[in-house]
Amino acid sequence: MLEFGGIGNGLIAAALTLLVLWLLRPVAHRLNLLDYPAGRKDHAHPTPITGGLAMVIGILVTAWVTLDLLDSAWIAFRLGAGLLIVVGLLDDKYDLPWWLRI
């Protein structure tokens, strides 16, 4: 287990997230993992929907290297993050109403 401190861990997670975003961009275009402008989505061009996955990978890899993975707070964080990922994926696919996303 490595020790970088809270800010160091955050910077490592952010750097990994940026790297994974960069690596996933061509994959998102190739697999059509894009969010097209329509309805409540007012961006100008199709946007890759791989940002959440990149954040999860950056955080989990950093945590795997720097934290005690059996700590109850970490287990609770993983469960909460998993729920957010599932809701985000369902929202991207089915455009869930706001009250269900909350």
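In which helix is Val65 found? Select Val65 to settle that: Val65 is in helix α2. The model on screen is a predicted one, and the tour below returns to Val65 after a look at the whole chain.

**The whole chain**

Show the chain as a cartoon and go from the N terminus on. The elements run α-β-β-α-α-α, made up of 4 helices and 2 strands. Fit the view to the C-alpha atoms, and they fill a box of roughly 45 × 30 × 20 Å along the principal axes.

Switch to a surface. The chain exposes about 7600 Å², and carbon and sulfur atoms supply 72% of that area. Colour by burial next: of the 102 residues in the chain, 19% are buried. A contact map can be opened beside the viewer. Among the contacts with a separation of 6 or more, 46% are between residues 24 or more positions apart.

Now select the charged side chains. There are 7 positive and 8 negative ones, and the centres of the two sets lie 10 Å apart.

**The largest pocket**

Return to the surface and find the largest pocket, which holds about 600 Å³ of space. Its lining consists of 22 residues, and Gly52, Leu53, Val56, Ile85 and Leu89 are the closest to the pocket centre. Select three helices to frame the pocket: α1 (5-30), α2 (51-66) and α3 (72-94) are the elements that give two or more residues to the lining. Which of the elements gives the most to the lining of the largest pocket? Helix α3 does, with 10 residues.

**Helix α1**

Hide the surface and keep helix α1 in view, starting with Asn9, which is placed in this helix. Is Asn9 buried or exposed? Asn9 counts as buried because its relative accessibility is 17%, and the cut-off for buried is under 20%. Show the neighbours of Asn9 as sticks: leaving out residues up to four places away in sequence, Asn9 touches Phe4, Thr62 and Thr66.

Select Leu11 next, also found in helix α1. Leu11 counts as exposed, with a relative accessibility of 58%. Draw a distance from the C-alpha of Leu11 to the C-alpha of Thr62: the two residues are 51 residues apart in sequence and 9.6 Å apart in space. Thr62 has already appeared as one of the residues that Asn9 touches.

Move along to Trp22, another residue of helix α1. Trp22 is exposed, since its relative accessible area is 62% and the cut-off for exposed is over 50%. A second distance can be drawn here, from Trp22 to Gly51. Their C-alpha atoms are separated by 9.9 Å, and the residues are 29 apart along the chain.

**From α1 into strand β1**

Leave the helix and select Asn32, in the loop between α1 and β1. Check the backbone torsion: phi of Asn32 is near 55 degrees, a positive value in a residue other than glycine. Asn32 is partly exposed, with a relative accessible area of 43%.

Go on to strand β1 (residues 34-35), where Asp35 is placed. Asp35 counts as buried because its relative accessibility is 18%. Which residues does Asp35 touch, not counting those up to four places away in sequence? Select Lys41, His43, His45, Pro46, Thr47 and Ile49 to show them.

**Back to Val65**

Return to Val65 in helix α2. Val65 counts as partly exposed, with a relative accessibility of 31%. Draw the last distance from Val65 to Val86: the C-alpha atoms are separated by 24 Å, with the residues 21 apart along the chain.

**The loop after α3**

Finish at Asp95, in the loop between α3 and α4 (98-101). What is the phi of Asp95? Phi is about 50 degrees, positive although Asp95 is not a glycine. Asp95 is partly exposed, with a relative accessible area of 42%.

Technical notes: Residues numbered from 1 in each chain as written. Predicted model: local features only at pLDDT ≥ 70, side-chain atom pairs only at ≥ 80, totals over all residues. Heavy atoms only, no water. Buried < 20%, exposed > 50% of the residue type's maximum accessible area, 1.4 Å probe, protein only. Contact = heavy atoms within 4.5 Å. Areas by Shrake-Rupley, 256 points an atom, 1.4 Å probe, with all protein chains shown as cover. Lys, Arg positive; Asp, Glu negative; His and termini not counted. Charge placed at Lys NZ, Arg CZ, Asp CG, Glu CD. 1 Å grid on protein atoms, 1.4 Å probe; cavity = no way out; pocket = protein on both sides within 12 Å on 5 of 7 lines; lining within 4 Å. Points joined across faces, edges and corners; volume = space filled by probe spheres on them.
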